[in-house]
Amino acid sequence: MSTTQDRFLRHMPRDGSQFKRKFDLWGMLHIDLPLLVALLIAASIGLFELYSASGRHFDMTLKQLMSFGIGLTVMFVLAQIPPRTYQTISPWFYAGGVLLLVAVAVVGDVRMGAQRWLSIPGVGSVQPSEFMKLAMPMMLAWFLATRVLPPSVFNVGIALVLIGIPALLVAEQPDLGTAILVAASGLFVLFLGGLSWWLIGGFVAAMLPLAWMVWSHFLHDYQRQRILTLFNPEADPLGNGWNIIQSKTAIGSGGMLGKGWMNGSQSHLEFLPEGHTDFIIAAYSEEFGLIGVLVLFSIYLFIIGRSFYIASTAQDGYSRLLAGAITMSFFVYVFVNAGMVSGILPVVGVPLPFISYGGTAIITLCSGFGILMSIQTHKKLIS
Amino acid sequence: MRRQNAITIKDNQQEAALFRRRAIVAVVFVLLMFGVLIGRYYFLQIIEHETYSVLSENNRVHLEAIAPPRGFIFDRKGRLLADNQPTFSLTINRQQVEDVNALLTKLTPVLNLSAEDIRRFKARAGVARKYEEVPLRLRLSEEDIARFSEVKYDMKGANINVELSRFYPYGDLFSHAIGYVSRISEREEKELDPVKYAGTNLIGKIGIEKYYEDYLHGTVGYQHVETNAHGRLIRVLKKTPPTRGSDLTLHLDYDLQKIAHDQLAGRRGAVVAIDPSTGGVLAFVSNPTFDPNAFVGGIPYKLYASYRDHLDKPLYNRALQGIYPPGSTIKPFEGMGGLHYGLVSWDYTISDRGYFSLPGDTHQFRDWKKTGHGIVDLHKAVVESCDTYFYQLSDRMGVDRFHDWMKHFGFGAKTGIDLVHENAATLPSVQWKRERLKAPWYRGEMMSVGIGQGYFTATPLQLAMATAILANGGNHIKPHLLRTASGTTSFENINKSDYKVPYAGDPADWERMKVSMRDVVHGPNGTARATGYKVRGYEMAGKTGTAQVKGIKQGAKYDEATVGERFLDHGWFIGFAPVDNPKIAVAVLVENGKHGSAMAPIARALFDFELLGKRPEVAAIPTPAPAASDE
């Protein structure tokens with residue numbers, strides 16, 4: 001962007017301290033220690049709960065441990081790369097992601113009724129929509145970093161197009177849940193970039209009558225019924241309602257202190273479906289009670305807080321926006337998962353970060369935190 | 001980008017401040033949302049803790065699916081063709097069983113379980129929820145129940161359930177039309193909506209049962225039941241009853257079906273009768289047939305093998321899938337085509353010396369009557385089934401114009417009847433031959449197509465449809481079995497003509513063609529005059545046809561033994577009655593029946609009943625006679 005600006009920054013008095021900085025091993029390794037420790041605690045809780053919720057499935061737990069190993073390695077590697085490099089490759093990354101999504105739509109594998117996977121000979125299967133969760137905020141941050149902020153209406157329009165294309169491609173797969181998450185990760189960049197409150201308010205005000213129009217004029221009765229069931233799963237006790245009734249029973253029966261590790265009857269008697277994947281927080285709540293839930297939420301809040309600190313102390317616009325958007329996305333995963341399992345949000349397929357079983361999600365999350373660490377640890381090393 | 005930088009200076013400090021303000025808003029939002037989450041978990045885990053503890057501790061409250069009863073199927077006069085009857089089945093509740101394999105081993109001698117039964121059970125159990133009852137054996141006999149009752153104390157987790165099963169009161173009479181239901185296969189299991197089919201074991205496999213599966217199935221119900229530690233039901237807490245599937249009323253008529261079936265007894269063939277005004281199928285018979293009730297509870301392998309390997313192929317739906325050269329039955333339609341294209345008129349005549357030759361070629365395409373028919377106009381050509389006339393007409397028409405006209409009658413395409421696995425047969429064209437046989441069209445090939453042989457094939461259903469359209473005076477209909485469906489499901493069903501065949505000539509030509517077909521039966525020289533003498537109380541129209549069986553050379557010698565009989569020509573008869581206001585159109589095909597004229601009595605038997613309410617006294621089984629009266 002502007003090397004003059006960097007040179008100017010480098011000579012600011014506030015940054016003079018770096019010259020007298022004492023030896024910092026973690027800084028040399030480009031690791032943010034508070035974040036790493038919090039992530040390791042969350043991962044450990046996840047492994048313990050997975051072993052219990054999977055019914056003492058040692059192989060599954062080991063596989064998850066290996067996923068964490070790979071994830072942490074990816075995080076470490078990504079943290080070494082300076083934010084400037086990410087900024088340079090962002091548009092290519094985004095374009096590649098969109099191309100992969102198009103490829104999925106054309107030649108993707110259909111699994112479980114949705115076309116989300118792309119088989120690459122010799123590599124295996126990849127899920128480009130997962131990749132887009134990072135490529136989207138990178139692209140938006142790259143785009144807004146060189147624009148004057150708050151963004152003009154024209155630039156907001158371009159940004160919305162950039163968000164819309166991949167989101168629609170993912171929604172077509174069909175994977176509405178992921179499409180919303182991908183779109184949200186881009187919208188967060190716009191919000192943090194200073195999108196005018198008037199525009200936000202105007203958008204919401206425009207959506208309400210539109211939604212009402214669609215609801216009352218374009219939907220059939222059975223479609224309305226299906227949407228109502230999404231928000232009220234108890235109305236469908238043989239389908240999604242079963243999961244929610246069982247997960248609420250699991251959470252509620254846990255009480256203040258929980259039934260203890262490996263003692264959750266709901267999950268062990270196989271009443272709780274998906275007890276080791278999307279619904280693992282129900283098994284956790286049953287075994288560790290409200291205290292356990294508060295501990296877990298505290299760790300998440302610490303991670304979110306530390307990430308916001310990294311974002312707001314970042315020295316250039318790109319890093320700030322990207323770090324902020326990654327943080328907000330992380331929060332959304334936690335909130336949507338904990339909300340849907342406890343029955344206050346519709347059931348969509350979002351895993352609980354670092355706790356739910358599944359390697360892909362772990363690697364995506366670790367990549368995000370790798371970028372955050374890169375932003376944090378390259379701040380004071382401008383040379 | 002660069003230009004913008006040059007004009008407006010980006011102020012990093014100011015933007016960082018803006019970001020911080022936004023980040024603070026975000027942090028406040030995050031804290032609020034976590035507040036909501038904590039509130040929710042507090043509500044569930046502290047305030048509602050007692051309620052959920054009780055629910056969790058007595059895991060005795062189960063949700064059970066109640067399968068909906070299947071809709072009934074009636075004939076047009078309300079006679080029940082597919083009924084539901086209670087049967088007993090043995091199911092296993094895996095929640096009550098510690099070792100499922102041990103239980104299966106114990107049950108094997110009691111119920112004579114086969115390895116196949118156990119494999120199927122395991123496949124079903126693999127996709128069922130833990131709390132669901134998984135069926136092990138359907139349709140228990142009374143002895144099975146008695147033997148099981150003696151050892152029941154030792155078989156915790158195995159239960160006898162009463163459920164409704166399908167029963168076809170008329171046995172094999174309707175099997176090719178209505179089809180049957182049978183146990184859901186593993187492959188179907190994977191594709192079905194598990195909620196919709198919770199508790200259901202049977203699904204439509206072919207025929208009406210398959211085509212209207214969604215209507216017949218109904219809506220699943222469920223109940224919350226409280227059970228004791230042994231899984232025995234204590235009380236029903238809450239119940240949402242299932243909704244029975246839609247009842248279907250068909251156009252089929254039991255009497256017509258029965259008459260057609262009896263008339264065909266002992267022969268391989270098909271009879272399709274259609275109401276020309278609605279397109280409703282009144283009779284749909286393919287012979288030989290099979291017992292659909294045998295399939296409902298899982299057909300024993302021996303019986304299935306006997307069906308499958310029988311020389312007469314009883315499982316083969318001849319009316320829907322059998323493709324035969326239509327022979328001379330196409331002549332009335334083809335004649336209308338000649339009028340449509342202006343190639344012939346009613347006054348146009350040819351002189352038939354018993355054969356036709358293409359110009360510049362000495363090859364003689366022979367008429368069935370060696371001496372020829374003399375001076376022949378269209379009326380005579382239809383009445384006496386003159387080949388020479390149609391050799392000449394089809395040569396002048398050409399295969400593509402022939403194709404374009406004949407397709408209006410349903411040839412060469414699926415009729416769209418509400419049955420599965422229909423065969424489209426073949427209506428040739430230049431393009432068809434290029435695509436399918438990778439060969440050009442030869443002029444001489446049109447000769448055999450023009451008299452319903454060669455590449456031209458049709459199903460009995462297609463010929464019945466074509467006959468109904470002609471009887472209708474060119475009003476196109478689509479054959480269908482369903483008349484009405486009751487219940488909440490709506491469906492699209494046109495019980496009338498959907499469009500008029502675009503005919504370029506005088507509309508009165510349709511009536512004249514019908515009169516020509518009347519004279520096939522009632523005229524002094526008609527090919528079906530033997531039947532015409534016996535018709536009382538109404539007039540019928542018709543056309544005979546003979547389909548050569550491929551694979552035997554003209555004039556080749558064959559034995560009169562059974563094997564030889566299978567090389568005799570197929571006999572066709574199409575017809576409708578009464579001539580002036582047709583109420584029923586029929587196509588009859590009898591394999592190796594040799595002569596179409598011999599099939600006319602079968603059609604007459606149906607007309608007698610439909611128009612006069614008269615039942616045939618004796619079965620008019622056509623016996624192959626050596627004297628040739630057609631072709």
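This passage describes chain B of a predicted model, from its overall make-up to one helix, one interface and one lysine.

Chain B contains 25 helices and 22 strands. Of its 631 residues, 44% are buried. Contacts that are distant in sequence feature strongly in the counts: when pairs at least 6 residues apart in chain B are considered, 74% of the contacts link residues at least 24 apart.

Helix H4 of chain B offers a convenient place to look at packing in detail. This helix runs over residues 100-111, 12 residues in total, and its first and last C-alpha atoms are 16 Å apart, close to the expected 16 Å at 1.5 Å a residue. Three leucines of H4(B), namely Leu103(B), Leu107(B) and Leu111(B), are buried. These leucines lie on the same side of H4(B), because the arc they cover around the axis is only 50°. The other side of H4(B) carries exposed residues: Asn101(B), Ala102(B), Thr105(B) and Pro109(B). As for the partners of the buried residues, they pack against two kinds of element in chain B, with strands E3 (80-93), E4 (133-137) and E5 (158-167) joined by helix H6 (142-151). Just after H4(B) comes Asn112(B), which has a positive phi, near 55°.

Attention now turns to the interface with chain A. Here, 38 residues of chain B are in contact with 45 residues of chain A. On the chain B side, at least two residues each come from helix H2 (12-47), helix H3 (49-57) and strand E1 (61-66). H2(B) makes the greatest contribution to this side, supplying 21 residues. Sorted by class, the side of chain B that touches chain A comprises 23 nonpolar, 8 polar and 7 charged residues.

A final stop is Lys500(B), which belongs to strand E19 (residues 499-500) of chain B. Is this lysine buried, exposed or partly exposed? With 14 other C-beta atoms within 10 Å, Lys500(B) is partly exposed, because a residue counts as buried at 20 or more such atoms and as exposed at 12 or fewer. Beyond its neighbours within four places in sequence, Lys500(B) is in contact with Gly474(B), Asn475(B) and His476(B). The C-alpha atoms of Lys500(B) and His408(B) are 9.3 Å apart in space, although 92 residues separate the two in sequence.

Methods:
Residues are numbered from 1 along each chain as its sequence is written. Chains are lettered from A and ligands numbered from 1 in the order in which they are written. This is a predicted model: local features need pLDDT of at least 70, side-chain atom pairs count only at pLDDT 80 or more; totals for chains, interfaces and linings use all residues. Helices (H or I, at least four residues) and strands (E, at least two) are DSSP runs, numbered from the N terminus. The expected span of a helix is 1.5 Å times one less than its number of residues. The arc is that of the directions from the helix axis to the C-beta atoms. Two residues are in contact if their C-beta atoms, placed from the backbone, lie within 7 Å. Ala, Val, Leu, Ile, Met, Phe, Trp, Tyr, Cys and Pro count as nonpolar, Asp, Glu, Lys and Arg as charged, and the others, Gly among them, as polar.
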